Amino acid sequence: MKTNESLQKDVQDAIKWEPLLHEAEIGVIVKDGVVTLTGTVDNYLKKTEAETAAKNVAGVKAVVEKIEVKYDSFWTGKSDQEIANEVINALRWSWNIPNNTIKVKVESGWVTLYGDLAWNYQRESAKNAVKNLEGVKGITSKIIIKSNKTDSIEKEAIEKALSRNWSINDNDIQVKVTANEVTLVGTVNSYYQKDEAERIAWNALGVWSVNNELSVGYFD
């Protein structure tokens, strides 16, 4: 198990390694594998990049993100209406998001997305389409996954998909299926594996929700 100091140094180095974050002032606090990120960045994309960089470091069990988005003083800003219009256009130009399925609310630069979609990758695409827009300070997704597929979820298919992935030790993951809900239980070696297992589970036909109860247990 890494010490707090060793893990803190690894996370700091991982953040500095990202081109977008070379000049960013991001504080890293570590206690028992839980990483807290603090500081201020000048756009929302940098905030998400810092969180992703921290998650991918071996030994990180959880990330608490407290980074604030604050635009440069010379930036005149955009109204919520202007941001909303740009969000709508970005969603419209995203080929894998069905038109007129997502509603948008913007308040003080914070974007909230509403609606129903058939697949989780579409929900992720919606967030990705918005996160690099100038003026956005945060994103909350309230999009619900509601597939029109009536097929029952194939537990064995999810298990096979997990076993095919080189990065996941599927022997320590149990898959439970109840109606349209999948629950993942067990232990993985990294936060990356936890996220990857959830992504794979979401790809199964008929999944409306995934409960990711995997714990991260890192060992050298």
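In which sense do β8 and strand β9 (residues 209–216) pair, and over how many bridges? With this predicted model open in the viewer, select both strands and follow the bridges between them: β8 and β9 pair in the parallel sense, and the pairing extends over eight bridges. To place one of these bridges on the screen, pick glutamate 181 and look across to serine 209, which is its bridge partner in β9.

Now add helix α6, residues 191–202, to the selection, since β8, α6 and β9 together make a β-α-β unit, and this unit is right-handed. On the way from β8 to α6, stop at asparagine 189, which is found in the loop between those two elements. Asparagine 189 has a relative accessible area of 38% and is therefore classed as partly exposed. If you then draw a C-alpha to C-alpha distance from asparagine 189 to valine 216, the two are 5.6 Å apart in space, with a separation of 27 residues in sequence.

**The β7–β8 hairpin**

Keep β8 (residues 181–188) selected and add strand β7 (residues 173–178), for these two strands pair in the antiparallel sense over six bridges. Two positions help to fix the register by eye: glutamine 174 has valine 185 as its bridge partner in β8, and lysine 176 stands opposite threonine 183 in β8. The two strands form a hairpin with two residues between them, and alanine 179 lies in the loop that joins them. Although alanine 179 is not a glycine, its phi is positive, at about 55°. Is alanine 179 buried or exposed? Its relative accessible area is 64%, and because exposed means over 50%, alanine 179 counts as exposed.

**A second hairpin, β4–β5**

Move next to β4 (102–107) and β5 (110–117), which pair in the antiparallel sense over six bridges. Select glutamate 107 and you will find that its bridge partner in β5 is tryptophan 110. Here again two residues stand between the strands of a hairpin, and serine 108 is found in the loop between β4 and β5. Phi of serine 108 is near 55°, a positive value in a residue other than glycine, and with a relative accessible area of 58% serine 108 is exposed.

**Helix α4 and what surrounds it**

From this hairpin, go on to α4 (120–130) and colour its buried residues, which are Asn120, Gln122, Arg123, Ser125, Ala126, Ala129 and Val130. Which elements do these buried residues pack against? Their partners are α3 (80–93), β4, β5, β6 and α6, so that the hairpin just visited and the helix of the β-α-β unit both come back into view.

**The largest pocket**

With α4 and α6 still displayed, turn on a surface and look for the largest pocket, whose volume is about 980 Å³. Among its 27 lining residues, those closest to the centre are Thr52, Lys55, Glu124, Lys127 and Asp195. The elements α2 (44–55), α4, β6 (138–145) and α6 each supply at least two residues of the lining. Colouring the lining by class separates twelve charged residues, nine polar ones and six nonpolar ones.

**Two last stops**

Select threonine 36, whose place is in strand β2 (residues 34–41). With a relative accessible area of 16%, threonine 36 falls under the 20% limit and is therefore buried. When its neighbours within four places in sequence are left aside, threonine 36 is in contact with Gly27, Val28, Ile29, Val64 and Lys66.

Finish at glutamate 23, which is placed in the loop between α1 (4–17) and β1 (25–31). At 71% relative accessibility, glutamate 23 counts as exposed. A last C-alpha to C-alpha distance, from glutamate 23 to tryptophan 208, comes to 40 Å in space, while the two residues are 185 residues apart in sequence.

Definitions and conventions
Residues are numbered from 1 along each chain as its sequence is written. This is a predicted model: local features need pLDDT of at least 70, side-chain atom pairs count only at pLDDT 80 or more; totals for chains, interfaces and linings use all residues. Side-chain values use heavy atoms; hydrogens and water are left out. Two strands pair if DSSP finds at least two bridges between them. Helices (H or I, at least four residues) and strands (E, at least two) are DSSP runs, numbered from the N terminus. A crossover is right-handed if, with the strands pointing away from the viewer, the path from the first strand over the helix to the second runs clockwise. On a 1 Å grid over the protein atoms alone, a cavity is a set of points where a 1.4 Å probe fits but cannot get out, and a pocket is an open set with protein on both sides within 12 Å along at least five of seven lines; lining residues have an atom within 4 Å of a point. Grid points are joined across faces, edges and corners, and a volume is the space filled by probe spheres set on the points. Ala, Val, Leu, Ile, Met, Phe, Trp, Tyr, Cys and Pro count as nonpolar, Asp, Glu, Lys and Arg as charged, and the others, Gly among them, as polar. Buried means under 20% relative accessible area, exposed over 50%, partly exposed in between (1.4 Å probe, protein chains only). Contact means heavy atoms within 4.5 Å.
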